[in-house]
Amino acid sequence: MTRALWGMLIGLWWCGLAAAQGPVAPSPLAQLAAQAAANPRDANLQYRLGRAWEAAGNPQAALRAYFQAQLLSPSDAKILVTLARTYARLGEYERAAFWYRKLLLLRPGDEKLSLEAANLALANQQPLQAE
């Protein structure tokens, strides 16, 4: 038999094996993405999608979901701090500082957030005064 024929036979065998196993269930990330797409105005769902994307190792997709959540719920501290921390992890310190400033205007007495923001500023020589 020729290589092409062997290739076709192996391919058909593989397809038959896949068909015998039945349909594959969508991943939890795919299910969450479908829910978020169906409910684009649900800030919590968009935030959860961002967390799932981040856990899956895709911080850019996570940021898109976090931005959507932030647009829907602009004063949600959980979303703002997640944006700041995600940018800090990506090494985008100016953007992280922007979100920390926004967060500190919302929660000026929060010592933990102030310390996080100050550490970021010291590590990167960036002032964090409110704008």
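**Figure 1. Arg-95, with a relative accessibility of 48%, counts as partly exposed in this view of its salt bridge.** The model shown here and in the views that follow is predicted. The partner of Arg-95 is Glu-92, and the closest N and O atoms of this salt bridge are 3.1 Å apart. Glu-92 is likewise partly exposed, its relative accessible area being 26%. A search of the whole structure yields 4 salt bridges, one of which is the pair of Arg-95 and Glu-92. Side chains of opposite charge can pair when their charged atoms come close.

**Figure 2. Helix α5 contributes Arg-89 and Arg-85 to salt bridges with residues of two other helices.** Glu-54 and Arg-89 form a salt bridge in which the closest N and O atoms lie 2.2 Å apart. Because Glu-54 belongs to helix α3 and Arg-89 to helix α5, this pair ties together parts that are 35 residues apart in sequence. Arg-89 is exposed, with a relative accessible area of 55%. A salt bridge also joins Glu-116 to Arg-85, with 2.5 Å between the closest N and O atoms. Glu-116 is located in helix α7 (residues 111-124) and Arg-85 in helix α5, so the contact ties together parts that are 31 residues apart in sequence. The relative accessible area of Arg-85 is 30%, which makes this residue partly exposed.

**Figure 3. Helix α4 comprises residues 59-72 and has buried residues covered by other helices.** At 1.5 Å a residue, the 14 residues of α4 should span 20 Å; the C-alpha atoms at the two ends are 20 Å apart, so the expected and modelled spans agree. The buried residues of α4 are Ala-61, Ala-62, Leu-63, Ala-65, Tyr-66, Ala-69 and Gln-70. Their cover includes α3 (43-55), α5 (77-89) and α6 (93-106). An α-helix has 3.6 residues a turn, so residues three or four places apart point the same way.

**Figure 4. The largest nonpolar core of the model has 21 residues.** Tyr-66, Leu-83, Trp-99 and Leu-103 have the most contacts inside this core. The elements that give two or more residues to the core are α4, α5, α6 and α7. Of these, α5 gives the most, with 7 residues. Apart from neighbours within four places in sequence, Leu-83 is in contact with Leu-63, Tyr-66, Phe-67, Gln-70 and Trp-99. A second, separate core has 6 residues, including Leu-29, Ala-36, Leu-45 and Ala-65. In soluble globular proteins, nonpolar side chains tend to be buried together.

**Figure 5. Phe-67, Tyr-87, Phe-98 and Trp-99 form one aromatic cluster.** The whole structure contains 4 aromatic pairs. One of them joins Phe-67 and Trp-99 in a tilted arrangement, with 5.9 Å from centre to centre and 55° between the planes. Since Phe-67 lies in helix α4 and Trp-99 in helix α6, the pair ties together parts that are 32 residues apart in sequence. Phe-67 counts as partly exposed at 29% relative accessibility, whereas Trp-99 counts as buried at 7%. The rings of Phe-98 and Trp-99 have centres 5.0 Å apart and planes at 85°, so this pair is edge-to-face. Phe-98 is partly exposed, with a relative accessible area of 36%.

**Figure 6. Asp-110 occupies a place in the loop between α6 and α7.** With a relative accessible area of 17%, Asp-110 falls under the 20% limit and is therefore buried. Its side chain makes a polar contact of 2.7 Å with the side chain of Arg-107. In addition, a polar atom of the Asp-110 side chain lies 3.1 Å from the backbone nitrogen of Lys-112.

**Figure 7. Ala-56 is found in the loop between α3 and α4.** Ala-56 counts as exposed, because its relative accessibility is 51% and the limit is over 50%. The C-alpha atoms of Ala-56 and Leu-29 are 8.3 Å apart in space, while the two residues are 27 residues apart in sequence. Leu-29 is also one of the residues of the second nonpolar core, which has 6 residues.

Technical notes
Residues numbered from 1 in each chain as written. Predicted model: local features only at pLDDT ≥ 70, side-chain atom pairs only at ≥ 80, totals over all residues. Heavy atoms only, no water. Helix = DSSP H or I, 4+ residues; strand = E, 2+ residues; numbered from the N terminus. Expected span 1.5 Å × (residues − 1). Buried < 20%, exposed > 50% of the residue type's maximum accessible area, 1.4 Å probe, protein only. Contact = heavy atoms within 4.5 Å. Salt bridge = Lys/Arg side-chain N within 4 Å of Asp/Glu carboxyl O. Core = buried A, V, L, I, M, F, W, Y, C linked by side-chain atoms within 4.5 Å. Polar contact = N/O pair within 3.5 Å; in protein donor to acceptor, adjacent residues only side chain to side chain. Phe/Tyr/Trp six-rings, centres within 6.5 Å; stacked < 30°, edge-to-face > 60°.
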